[in-house]
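This note is addressed to a colleague meeting the structure for the first time. Please read it with the sequence and the model side by side.

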Amino acid sequence: MSAPEPLPRDVLGHARAYVRVDQQTFVGLPELGEAVRAFQPVPNPAGQSAAEWLTERALRHPQEATVRLRLSHGKVTGVYALCAAQIALSSDERAQLGGVHYRTQPAILLAQFARAAEAPGIGEEMLRHADSSARRALRYIGATVLVVDPFDQDTAEMWRQHFGFQDSEQPVPGNRRLRRQWLSLQQ
């Protein structure tokens, strides 16, 4: 088991910092717990769901996803979480990935993603950071795509229009009307 990433005590003073968090982080830096409890996401169902997840379930042990916070001067301005997943892709979709053979492909799931209501315009930056984290993981595990499970039709459209995610043939677990979406990690 590896040691947690070191967390400088002054991280709360930075204008922008991404911090991987777990229970040990909160023991070592209690102010971070206060910042998490004060997090106010974009006021929509997807944002509210992510904030609830962050405060109530994100850091339980065992931790099911790696959680990263975007901090700005001691405030949580965004959160995302990554974990392992898989996705079923059609033959046309697999051709876009260079002709990968298997219908079910290994993936990295962007399990949660939310920004603070007071931090417009950081979504693309946060996705770039999440994508970079996912690509670093490729040194240790195989995956061909980054996937998201849209919360609702509005967020599905946001992922398509703003970030270029494509719908797969696989439904979102628990919602057969929505499709798991993907973006290639092969570039």
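The points below take up the sheet, then its strands and hairpin, and then the helices.

1. The structure is a predicted model, and the remarks that follow should be read as describing that prediction. Its sheet is open and consists of seven strands with mixed pairing, in the order E1-E2-E3-E4-E5-E7-E6. Strand E1 (17-21) and strand E6 (166-172) form the edges, each pairing on one side only. From one strand to the next, the twist averages 35 degrees.

2. At one edge of the sheet, E1 is paired with E2 in the antiparallel sense, over five bridges. Within this pairing, Val21 has Val67 in E2 as its bridge partner. Strand E2 is mostly covered, with six of its seven residues buried.

3. E2 also runs antiparallel to E3, and seven bridges join the two strands. Two of the residue pairs may be followed in the model: Arg70 has Gly78 in E3 as its bridge partner, and Leu71 has Val76 in E3.

4. The hairpin of E2 and E3 has two residues between the strands. His73 is located in the loop between E2 and E3. Is His73 buried or exposed? It counts as exposed, because its relative accessibility is 55% and the exposed class begins over 50%. The backbone of His73 also deserves attention, since its phi is near 50 degrees, a positive value in a residue other than glycine. Most residues other than glycine have a negative phi.

5. Thr77 belongs to strand E3 and offers a contrasting case. Its relative accessibility is 5%, so Thr77 counts as buried, the limit for that class being under 20%. Which residues are in contact with Thr77, leaving aside its neighbours within four places in sequence? They are Phe39, Arg70, Leu71, Ser72, Arg115, Ala116, Ala119 and Ile122.

6. The next pairing in the sheet is that of E3 with E4, which run antiparallel and are joined by eleven bridges. One position to inspect here is Ala88, which stands opposite Thr104 in E4. At the other edge of the sheet, E6 and strand E7 (residues 175-184) pair in the antiparallel sense over four bridges. There, Gln166 has Trp182 in E7 as its bridge partner.

7. Two helices may be placed relative to the strands. Helix H6 (residues 153-163) packs on the sheet and touches strand E4 (104-115), strand E5 (145-148), E6 and E7. The direction of H6 makes about 20 degrees with that of E7. Helix H2 (residues 30-37) lies across E1, strand E2 (66-72) and strand E3 (75-88), and runs at about 85 degrees to E2.

8. Helix H3 (residues 45-56) has twelve residues. The distance from its first C-alpha to its last is 16 Å, close to the 16 Å expected at 1.5 Å a residue. At the start of H3, a side-chain oxygen of Asn44 comes to within 3.2 Å of the backbone nitrogen of Ala46.

9. Which residues of H3 are buried? They are Ala46, Gly47, Ala50, Ala51, Trp53 and Leu54. These residues lie on the same side of H3, because they cover an arc of only 160 degrees around the axis. As general background, an α-helix has 3.6 residues a turn, so residues three or four places apart point the same way. The cover over the buried residues of H3 includes H2, E2, E3, E4 and H6.

10. Helix H5 (residues 123-137) has 15 residues, and its first and last C-alpha atoms are 21 Å apart, close to the 21 Å expected at 1.5 Å a residue. Its buried residues are Gly123, Glu125, Met126, Leu127, Ala130, Asp131, Ser133 and Ala134. What do the buried residues of H5 pack against? Their partners are E1, E2, E3, E4, E5 and H6.

Definitions and conventions: Residues numbered from 1 in each chain as written. Predicted model: local features only at pLDDT ≥ 70, side-chain atom pairs only at ≥ 80, totals over all residues. Heavy atoms only, no water. Pairing = 2+ DSSP bridges. Axes fitted to C-alpha atoms, helices over the stretch in contact; angles between N-to-C directions. Contact = heavy atoms within 4.5 Å. Expected span 1.5 Å × (residues − 1). Buried < 20%, exposed > 50% of the residue type's maximum accessible area, 1.4 Å probe, protein only. Arc of directions from axis to C-beta. Polar contact = N/O pair within 3.5 Å; in protein donor to acceptor, adjacent residues only side chain to side chain.
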